[in-house]
Amino acid sequence: MTDLPAGFSVYVANMGVKDESDDVMILVAPETATVAGVFTKSRFSGPSVVLSRENVADGRAEAVVIVSKNANVATGPEGESNAREVVDLVAAGVGCRPGDVLIASTGVIGVQYPMDRVRDHLGTVRAPFASNSADAAATAIMTTDTHAKVASAVVGAGSVVGFAKGVGMIEPDMATMLAVITTDAEIAPTDLDAMFRRVVARTFNALSVDTDTSTSDSAIMFASGSAGPVDLSVLEAAVYDVALDLTRQLAFDGEGAETLIVVNVEGARDDAQAKRVAKAIVNSPLVKTAVHGADPNWGRVAMAIGKCSDETDIEQEQVVIRFGDAEVYPAQVGTAELVALEQYLDGDEVHIGVDLAIANGSFSVYGCDLTDGYVRINADYTT
């Protein structure tokens, strides 16, 4: 079990959004907390994203409420009004201004909150909360996740603890899914925002399950300051470790997934090019199914690189492709090597490496295989 840093508390319960499992989580931070948030760029972003963008702008917040199993997206003026009422109710229960409450929501799109039940429940919630369990918070925000996702690291006299949810509709265009990271380290709002965006760029924003950007993606970080200041580079390294741990957990728990895929592209013109090529590989259904079938068909990786047709400085004669440590192109793969590659691809984690031999850019992305389980889960999702 993992506890949140000192000063943070959490409330979880079922308020009747869908079933008997917990469907609301409220995290409360000390009044001194600074906050940063990164949100989806989707043109169909929900009222929760719009409202949180407003409330995070000043770099201060005291709480975040997450509603699970209902995205409250494409719900019109009524949905916006409902999101603001949820924030007002939480603010009253926590004892802070509505402008200091962030909100996130995840689940089915196009369905209104059952506001009679939500209103009745949240109207009775009062801080302080006795729990500081990150595991309870992570469990309460799950939808089709198979398990709660929590990660932690020590930094100075304090800690960094994060939790997240998300297994489908994941191709980030900012951060991805829902994630909350907390620390008791002290950091100014502007420094926190810049640091968090750098971390998000190489972790949550390097994740892809199915190429679909969610309407509700939100990544939020609170810093309470109760443990005092720490070296900012040390803090950033700890936050990166926590975010990367969560990213890997999210990829491995992708809907129906059986294998974590890590794609590293090096030798690119710059990091941005490396990321584009790596995403083309990890998002390829043919690469995903080859990994699922433990088929060392490196030609599918070559195909994925080749479809990056705007990258005119990529020359196929210079490219090297590897599965794990084994070079598969341009090296000739013999029968014995194929057997070893099949065994490697049958593991829980597969690394695909590509060297473009252009310059020094590099980037790693994280994804998963494509299984019949993914099709089944999403074919039956709302029924």
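**Exercise 1. The surroundings of K149**

Is K149 buried or exposed in this predicted model, and with which residues does K149 form salt bridges?

Solution.
- Step 1. The relative accessible area of K149 is 0%. Buried means under 20%, so K149 is buried.
- Step 2. One partner is D145: the closest N and O atoms of this salt bridge are 2.8 Å apart. D145 has a relative accessible area of 7% and is therefore buried.
- Step 3. Another partner is D253, whose side chain meets that of K149 in a salt bridge at 2.7 Å, N to O.
- Step 4. K149 is in strand β6 (residues 149–155), while D253 is in the loop between α6 (232–252) and β10 (260–268). The two residues are 104 residues apart, and their pair links distant parts of the chain.
- Step 5. D253 has a relative accessibility of 7%, so D253 counts as buried.

**Exercise 2. A salt bridge between two helices**

Which helices hold R202 and D271, and how many residues apart in sequence are the parts that this pair ties together?

Solution.
- Step 1. R202 and D271 form a salt bridge through their side chains, with an N to O distance of 2.7 Å.
- Step 2. Helix α5 (residues 189–202) contains R202, and helix α7 (residues 271–282) contains D271, so the salt bridge ties together parts 69 residues apart in sequence.
- Step 3. Relative accessibility is 32% for R202, which counts as partly exposed. D271, at 33%, also counts as partly exposed.
- Step 4. Elsewhere, R269, R276, E311 and D313 are joined into one network by salt bridges that share partners. A search of the whole structure gives 14 salt bridges.

**Exercise 3. The packing of α8 and α9**

How are α8 and α9 oriented to each other, parallel or antiparallel, and which residues meet in their contact?

Solution.
- Step 1. Two packed helices are described by the angle between their axes and the distance between the axes.
- Step 2. For helix α8 (residues 285–292) and helix α9 (residues 298–306), the angle is about 160° and the axes are 9 Å apart.
- Step 3. Angles over 145 degrees count as roughly antiparallel, so α8 and α9 are roughly antiparallel to each other.
- Step 4. The crossing of α8 past α9 is left-handed.
- Step 5. From α8, the residues in contact are L286, V287, T289 and A290; from α9, they are R300, V301 and M303. Sorted by class, this contact has five nonpolar residues, one polar and one charged.

**Exercise 4. The environment of T371**

Where does T371 lie, and which residues does T371 touch, not counting residues up to four places away in sequence?

Solution.
- Step 1. The loop between β14 (361–368) and α11 (372–379) holds T371.
- Step 2. Relative accessibility of T371 is 4%, so T371 counts as buried.
- Step 3. With residues up to four places away in sequence left out, T371 touches G256, A257, E258 and H292.

**Exercise 5. The environment of Y344**

Which helix holds Y344, and what distance separates the C-alpha atoms of Y344 and S21?

Solution.
- Step 1. Y344 belongs to helix α10 (residues 335–345).
- Step 2. Y344 has a relative accessibility of 26% and therefore counts as partly exposed.
- Step 3. Its contacts, leaving aside neighbours within four places in sequence, are F323, G324, E349, V350 and H351.
- Step 4. S21 is 323 residues apart from Y344 along the chain, and their C-alpha atoms are separated by 38 Å.

Definitions and conventions:
Residues are numbered from 1 along each chain as its sequence is written. This is a predicted model: local features need pLDDT of at least 70, side-chain atom pairs count only at pLDDT 80 or more; totals for chains, interfaces and linings use all residues. Side-chain values use heavy atoms; hydrogens and water are left out. Axes are lines fitted to C-alpha atoms, for helices over the stretch in contact, and angles run from 0 to 180 degrees between N-to-C directions. Angles under 35 degrees count as roughly parallel, over 145 as roughly antiparallel, 65 to 115 as roughly perpendicular and the rest as oblique. A crossing is left-handed if the near helix is turned anticlockwise from the far one by less than a right angle, and right-handed if clockwise. Contact means heavy atoms within 4.5 Å. Ala, Val, Leu, Ile, Met, Phe, Trp, Tyr, Cys and Pro count as nonpolar, Asp, Glu, Lys and Arg as charged, and the others, Gly among them, as polar. A salt bridge is a side-chain nitrogen of Lys or Arg within 4 Å of a carboxyl oxygen of Asp or Glu. Buried means under 20% relative accessible area, exposed over 50%, partly exposed in between (1.4 Å probe, protein chains only).
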